[in-house]
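Let's walk through this structure together, one region at a time. Please have the sequence and the 3D view open side by side as you read.

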Amino acid sequence: MAFKTFSFLMKTLYPAVILITMLTLVTGLLYPSLITGIAQSVFPEKANGSLIMKNGQAVGSRLIGQNFTEPEYFWGRPSATATHPYNAEASGGSNLGPANPELANNVKKRIAKLKAADPDNGDPIPVDLVTSSASGLDPHISKAAADYQVKRIARLRNIPEIKVQNLVENHAKGIQMGFLGEPMVNVLELNLALDDMDTGNISVAGIPGNGK
């Protein structure tokens, strides 16, 4: 009886063990290795996180925004991620509905902050400067949002306004596929180029200090 039970278990377990081993090798080793190899060969920059390099060090990613608060820099879109803005470990929006008074209060505070930083600017404030996104990690703002901040940046840095405006124009990306969205600007790339404007240390790719 014991021998029959053992024999039955072996007949049942053996195929299961073989199948698990094969699936582990294929899905846990061979497939990831193949995909990783293709990614590193075809588009290594994207596969490694679309990192932005400066002086040989990674200063951020083109895919994740950073929280610029100093008035002499371009500000990105507000972030509502938990614990701190642009927290990649807690991506998410505020989930506040349009009728929620907290949303209205947040927008009012952001408008007040923008006006306090640039009181002489009477231009309409673009909506993406006062509302957070669904992910809270947006690395871009609309070109209109960058244009709105040009006067403040030029005044605080004592740079001709036309030079700052040209910098925005050079970093602006067109609408996707020719009809989706609106022109936008990567805030980190723009601020890096802004810091290096006077030194002329701007690469062909528009990323300062990467040695190209």
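Is Asn 121 buried or exposed? Asn 121 has a relative accessibility of 7% in this predicted model, and because the cut-off for buried is under 20%, Asn 121 counts as buried. To find Asn 121, look in the loop between helix H3 (101-117) and strand E3 (140-142). Once its neighbours within four places in sequence are left aside, Asn 121 is in contact with Tyr 148 and Lys 151.

Now step back to the whole chain. The protein has six helices and five strands, and from the N terminus on these elements follow the order α-α-β-β-α-β-α-α-β-β-α. Of its 212 residues, 32% count as buried. Among contacts with a separation of 6 or more, 57% join residues 24 or more positions apart.

Next, the core. The largest nonpolar core holds 29 residues, and those that touch the most other members are Phe 74, Ala 146, Val 164, Val 168 and Leu 190. At least two residues of this core come from each of H3, helix H4 (143-157), helix H5 (161-171) and helix H6 (187-195). As general background, nonpolar side chains tend to be buried together in soluble globular proteins. Val 164 makes a good stop on the tour: beyond residues up to four places away in sequence, Val 164 touches Phe 74, Val 150, Ile 153, Ala 154, Ile 159 and Met 197.

How do H4 and H5 lie against each other, roughly parallel or roughly antiparallel? Their axes come within 9 Å and cross at roughly 155 degrees. Because angles over 145 degrees count as roughly antiparallel, H4 is roughly antiparallel to H5. The crossing of these two helices is right-handed. On the H4 side, the contact is made by Lys 143, Ala 146, Asp 147, Val 150, Lys 151, Ile 153 and Ala 154, while H5 brings Glu 161, Val 164, Gln 165, Val 168 and Glu 169. Sorted by class, the contact of H4 with H5 has six nonpolar, one polar and five charged residues. Two of the names here have come up before: Lys 151 of H4 is in contact with Asn 121, and Val 164 of H5 is one of the core residues listed above.

In the loop between H4 and H5 you will find Asn 158. Its phi is near 55 degrees, a positive value in a residue other than glycine. Asn 158 is exposed, with a relative accessible area of 71%. For another residue of this kind, turn to Asn 95, in the loop between strand E2 (57-61) and H3. Asn 95 has a positive phi of about 60 degrees although it is not a glycine, and with a relative accessible area of 75%, Asn 95 is exposed.

Let's follow H5 onward to H6. The axes of H5 and H6 come within 10 Å and cross at roughly 140 degrees, which makes H5 oblique to H6. H5 passes H6 in a right-handed crossing. From H5, Leu 167, Val 168 and His 171 meet Glu 189, Leu 190, Ala 193 and Leu 194 of H6. The residues of the contact of H5 with H6 divide into five nonpolar, one polar and one charged.

How many of the nine residues of H6 are buried? Eight of them are, so H6 is mostly covered. The buried residues are Val 187, Leu 188, Glu 189, Leu 190, Asn 191, Leu 192, Ala 193 and Leu 194. Their cover includes strand E1 (51-54), E2, E3, H4, H5 and strand E5 (184-186).

Our last stop is Phe 68, which sits in the loop between E2 and H3. Phe 68 is buried, with a relative accessible area of 17%. Not counting its neighbours within four places in sequence, Phe 68 is in contact with Tyr 73, Phe 74, Trp 75, Val 187, Leu 188 and Asn 191. Phe 68 and Asn 191 lie 123 residues apart in sequence, yet their C-alpha atoms are 9.1 Å apart in space. Among these partners, Phe 74 takes us back to the nonpolar core, and Asn 191 is one of the buried residues of H6.

Note on methods: Residues numbered from 1 in each chain as written. Predicted model: local features only at pLDDT ≥ 70, side-chain atom pairs only at ≥ 80, totals over all residues. Heavy atoms only, no water. Helix = DSSP H or I, 4+ residues; strand = E, 2+ residues; numbered from the N terminus. Buried < 20%, exposed > 50% of the residue type's maximum accessible area, 1.4 Å probe, protein only. Contact = heavy atoms within 4.5 Å. Core = buried A, V, L, I, M, F, W, Y, C linked by side-chain atoms within 4.5 Å. Axes fitted to C-alpha atoms, helices over the stretch in contact; angles between N-to-C directions. Parallel < 35°, antiparallel > 145°, perpendicular 65-115°, else oblique. Left-handed = near helix turned anticlockwise from the far one by under 90°. Nonpolar A, V, L, I, M, F, W, Y, C, P; charged D, E, K, R; others polar.
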